[in-house]
Amino acid sequence: MNSAAMPSGLAVGATVSGALAQWGPAPLRSPFLVLAGVSLVVLAAISAWVPETVAAPGRQWSRVVRLQPLRVPPEARREFLVAAMGVAVAWAVGGLYLGLAGSLVKELLHGSDSFVAGLVILSMQGVAGAAQLTWALRWSTVPDRVASAVGCAALCLGILAVAGALFTGSPVLFFAGSAVTGVGFGLAFMGSSRRITQAAPLARRGETLAAFFVVAYLAFSVPSVLAGLLTTRFGLVHTFYLFAETTALLSAATAVRSIRLDAIHLS
């Protein structure tokens, strides 16, 4: 549920923001005001109703704000390596897509409104959340490494399909490729999250997950910033081609590497 909430939140946020930017008052301000209001409500709810599940010494304020060290216990390092590979490639694709997809669809459709740009994000991140929930409900007994491998393979196929859509000028292929990319993002992220959560000792799960999400957020942000810089030199479409080829290769390599590490571990 935790991993499904993240892409689902991105999808809802992008769609609602696109609608507000298209039809709401103060289009450049209203999405941020709505998000700030929702965030305050959620913060109050967390403070009031979400209990701490791990006892920690210290002052009362540490129950709300507590610095979390980044450590990976020795017994979880093998699983952390595999999980970090999966989440890095998934979030790199996700960050690249969120950074460039809105502009790409405008070029593909020769101009579109803000709501359509939000729907592009929905077609990828919304499908990611749905794929996670579907897998968890129907194939919960399937090993996590299978979800990770299937996710990385779908990432590879989906991002190549999106690149093919830009080459052929096909909006249908673009949205279909976005959906396949969303399936890959969701399964790779979910499989990696489950692996590291189950491998980390209970008392050290917080610090292990903190390190895991540092990898995820770096993969989410650094390629997007780099892609933004490269678009000024090579153009939007050619930059996407370059990153699509790179992430497709990394996705395929991560799927193979994950299966091989599991084979070595099991043997």
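A residue counts as buried under 20% relative accessible area, as exposed over 50%, and as partly exposed in between. That scale serves throughout this tour of a predicted model.

**First stop: Ala 44.** Select Ala 44, which lies in helix 2, residues 30-49. Because its relative accessibility is 47%, Ala 44 counts as partly exposed. Now add Phe 32 to the selection and draw a line between the two C-alpha atoms. These residues are 12 positions apart in sequence, and their C-alpha atoms are 18 Å apart in space.

**The whole chain.** Zoom out and display the protein chain as a cartoon. The view contains 8 helices and 0 strands, and the pattern along the sequence reads α-α-α-α-α-α-α-α. The radius of gyration is 19 Å, close to the 18 Å that the globule rule gives for 267 residues, so the chain is as compact as a globular protein of that length. Along the principal axes, the C-alpha atoms fill a box of roughly 55 × 50 × 40 Å.

Next, colour the chain by accessibility. Of the 267 residues, 39% are buried. Among contacts with a separation of 6 or more, 82% are made by residues 24 or more positions apart. Switch to a surface display: the accessible surface comes to about 14,300 Å², and carbon and sulfur atoms account for 70% of this area. Colouring by charge shows 17 positive and 9 negative side chains, with the centres of the two sets 6 Å apart.

**Helix 1 and the loop after it.** Select Gly 13 in helix 1, residues 2-23. With 31% relative accessibility, Gly 13 is partly exposed. Add Arg 204, which is 191 residues away along the chain; the C-alpha atoms of Gly 13 and Arg 204 are separated by 32 Å.

Move on to Ala 26, in the loop between helix 1 and helix 2. What is the phi of Ala 26? The angle is near 50 degrees, a positive value in a residue other than glycine. For comparison, most residues other than glycine have a negative phi. The relative accessible area of Ala 26 is 39%, which makes the residue partly exposed.

**The aromatic residues.** Show the side chains of Phe, Tyr and Trp. The structure holds 11 aromatic pairs. Begin with Trp 91 and Phe 220, whose ring centres are 5.0 Å apart and whose planes meet at 70 degrees, an edge-to-face arrangement. Trp 91 belongs to helix 3 (residues 77-108) and Phe 220 to helix 7 (residues 205-234), so this pair ties together parts that are 129 residues apart in sequence.

Is each partner buried or partly exposed? Trp 91 is buried, with a relative accessible area of 3%, whereas Phe 220 is partly exposed at 23%.

Then select Trp 135 and Trp 139. Their ring centres lie 5.4 Å apart and their planes stand at 55 degrees, so the pair is tilted. Trp 135 counts as buried, with 10% relative accessibility, while Trp 139 counts as partly exposed, with 37%.

**Last stop: the cluster.** Return to Trp 91 and Phe 220, and extend the selection to Phe 185, Phe 189, Phe 212, Phe 213 and Tyr 217. Together, these residues form one aromatic cluster.

Definitions and conventions:
Residues are numbered from 1 along each chain as its sequence is written. This is a predicted model: local features need pLDDT of at least 70, side-chain atom pairs count only at pLDDT 80 or more; totals for chains, interfaces and linings use all residues. Side-chain values use heavy atoms; hydrogens and water are left out. Helices (H or I, at least four residues) and strands (E, at least two) are DSSP runs, numbered from the N terminus. The radius of gyration is taken over C-alpha atoms; the globule rule is 2.2 Å times the number of residues to the power 0.38. Buried means under 20% relative accessible area, exposed over 50%, partly exposed in between (1.4 Å probe, protein chains only). Contact means heavy atoms within 4.5 Å. Accessible areas come from the Shrake-Rupley method with a 1.4 Å probe; for residues, only the protein chains shown count as cover. Lys and Arg count as positive and Asp and Glu as negative; His and the chain ends are not counted. The place of a charge is taken as NZ of Lys, CZ of Arg, CG of Asp or CD of Glu. Rings of Phe, Tyr and Trp (its six-membered ring) pair if their centres lie within 6.5 Å; planes under 30 degrees apart count as stacked, over 60 as edge-to-face and the rest as tilted.
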